[in-house]
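Visitor: Could you take me in for a close look at one part of this model, the side chains and what they touch? I'd like to go slowly, one contact after another.

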Amino acid sequence: MSQPPLLILYGSQTGTAQDTAQRIARQAKRKRLQVQVLPLDNYNMANLISESLVVFVCATTGQGDPPDNMKNFWRFLFRKSLPLGSLSRLDCAVLGLGDSSYPKFNFVAKKLHKRLLQLGASALLPAGLADDQHDLGSDAVIDPWLTSFWEKVLTLYSSLADVTPLREDEPLPPTYTFHFLDDVKEETGDRLRITTDQTVPSQSHPFPARLVSNRRVTHPSHFQDVRHIELDITGSSIQFAAGDVVMMYPRNAPEDVEQFCQLLRLDPEGMFTLRPTDNTAVPARLPQPCSVRHLVESYLDIGAVPRRSFFEMLSTFSDNELEQEKLVEFGSVAGQSELHSYCNRPRRTALEVLADFPHTTAQLKVDYLLDLFPEIQPRSFSIASSLQAHPHRLQILVAVVRYKTKIHKPRRGLCSTWLASLDPAQGEVYVPLWVKKGSLKFPKDRDTPVIMVGPGTGVAPFRSAIQERIAEGKTANVLFFGCRSESRDFYFRSEWEELMMAGHLTLFTAFSRDQEDKVYVQHRVKENAELLWDLIANKSACFYIAGNAKQMPASVSDALKEAFQQEGGMSADEAEQMFEAMERAGQIQSETWS
């Protein structure tokens, strides 16, 4: 049998599945296979019936949902009209990336694997179910799975055994080549100019929203800087409802951009065009021509903790024996524990790694930048306002991420730090953004009460819901809010007090550090079991949880089940069954983040 072209299709939300797909592609190229890598929604599904060898790499997001860049594929694949034997020519393999701390662990990969078999495809091996919670991360599953995958491909296509593979220490050709232009200057404002035509803003056409205000809402003495940010979306045709989220691309800090350019001896003002070396399209987000500054500031994720593939690739450029030895170790299966200690645990950034390996960094060719550094991924925030209360405005609540590790310099969240640095008093500032549907859905019926549990910044989608519901005459709103201290981080306090006075809101608060014994929202849920049971059992109330995914959602859920037992006279099993039935019916919903 002749060598098949290998097609690698991925569904990726944060870039990890894309990185894994590209890693498999590099292995294929070393075996001199023809290979193509695409997001699932960029692939013409009608061609799948004529493919012979496909690897699917899929993440699972939220409550068992497919990533945004495979949603169209997902709908297509589960059409009832698809004939059951339609993929009988296809040999395939499915690799899932998940997190076992979520209930629907690797749900997308499991469901995809099952559906491909239903449609007649042959699975080369069982679906790989990588787990981010493993001590060594996803690679603990991916490495042995890939070894098995290549063994199966070799058995199936025996002609591959006659091919001499490329050596591991040889760099592969770059995906793009840079062509620098003389006497071309970037026009001022080009990097902020985003088309403002009448199309609804999207990931490929974000809307430049003017920053109206950026206000710290925690007390100056409080350890956490939290910002209430308001943006002007006049003329954008953006519509949103309670529960929806706003998406935006952050930028790297100016000092990081300068350091990167110095380390790689690049002129930030240099202008270039990109030319693909194969059939890959030039990234739509990069203008042609583009400045080095724009590339580094807005596209290359130099402040992220680099993945193993970064070290694998970096090692191929090194001509310094000591540095190369270390890089090869970090890129190897055996070196993963060392890599975790060096990079993942202290959250060391790619920029800091380059500074630690100066000889190798000096050898880096500019053509490889887009292979070496992933693209900055968009960040999402729950919208914290309603258009009915604040026309032409969009508000968010942002906790600025800053923490210490063993590295002297504090670690900072890329997007929250960038947003916090924006100051409308210094002149007009624009944030390119678009909106997408969130997972929370609120009841249309005006008499259905809603119970919302949103500690910390988890209150953001509920502020949007409360504003929207009151504008529609829906006043049966119960909010459980928790924070550390009534005087330091009680967000929107005066608003809640006004709404309570007007009879539009029932509020329960838990200030965990204002007394000797810590009090959390789950304790307030337990204390109000009678009210909650009455609202749920007699008035079909909907129950919502939003906030940090650590212990809070599970603790609140347990407190609610206890209320079912205590007030409804149920056994633990019956309470569990009622809770699950409400979840299935959308009467209990949650939106959590880690």
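Guide: First, a yardstick: with a 1.4 Å probe and protein chains only, a residue is buried under 20% relative accessible area, exposed over 50% and partly exposed in between. What you're looking at is a predicted model, where local features need pLDDT of at least 70 and side-chain atom pairs pLDDT 80 or more, while totals for chains, interfaces and linings use all residues. Numbering starts at 1 along each chain as its sequence is written, and side-chain values use heavy atoms, leaving out hydrogens and water.

Let's start outside. Ser-88 is exposed, at 52% relative accessible area. You'll find Ser-88 in the loop between helix 2 (71-77) and strand 4 (91-98); helices here are DSSP runs of H or I with at least four residues, strands are E runs of at least two, and both are numbered from the N terminus. Setting aside neighbours within four places in sequence, Ser-88 is in contact (heavy atoms within 4.5 Å) with Leu-119 and Gly-120. Gly-120 is 32 residues away along the chain, yet its C-alpha atom and that of Ser-88 are separated by 4.5 Å.

Now for a buried one: Gln-336, with a relative accessible area of 4%. Gln-336 sits in helix 9 (residues 336-344). Beyond its neighbours within four places in sequence, Gln-336 touches Leu-136, Asp-139, Arg-308, Phe-330 and Gly-331.

Keep an eye on Asp-139, one of the residues of helix 4 (residues 139-156) that meet helix 1. Helix 1 (residues 16-30) packs against helix 4 at about 35°, with axes 12 Å apart. Those axes are lines fitted to C-alpha atoms over the stretch in contact, and the angle runs from 0 to 180 degrees between N-to-C directions. The crossing is right-handed, meaning that the near helix is turned clockwise from the far one by less than a right angle; anticlockwise would be left-handed. From helix 1 come Thr-20, Arg-23, Ile-24, Gln-27 and Ala-28, and from helix 4 Asp-139, Ile-142, Asp-143, Leu-146 and Trp-150. By class, that makes five nonpolar, two polar and three charged residues (Ala, Val, Leu, Ile, Met, Phe, Trp, Tyr, Cys and Pro are nonpolar; Asp, Glu, Lys and Arg charged; the others, including Gly, polar).

Those charges bring us to salt bridges: a side-chain nitrogen of Lys or Arg within 4 Å of a carboxyl oxygen of Asp or Glu. The structure has 34 of them. Take Glu-497 and Arg-493, whose closest N and O atoms are 3.0 Å apart. They're four residues apart in helix 15 (residues 493-501), so about one helical turn separates them. Both are partly exposed: Glu-497 at 38%, Arg-493 at 31%. Elsewhere, shared partners link Arg-23, Asp-139, Asp-143, Arg-308 and Glu-312 into one network of salt bridges.

Arg-393 also pairs with Asp-232, at 3.3 Å between the closest N and O atoms. Arg-393 belongs to strand 14 (residues 393-399) and Asp-232 to strand 9 (residues 226-232), so this bridge ties together parts 161 residues apart in sequence. Asp-232 is buried at 12%, whereas Arg-393 is partly exposed at 23%. Asp-225 and Arg-216 show a similar split: their closest N and O atoms are 4.0 Å apart, with Asp-225 buried at 15% and Arg-216 partly exposed at 31%.
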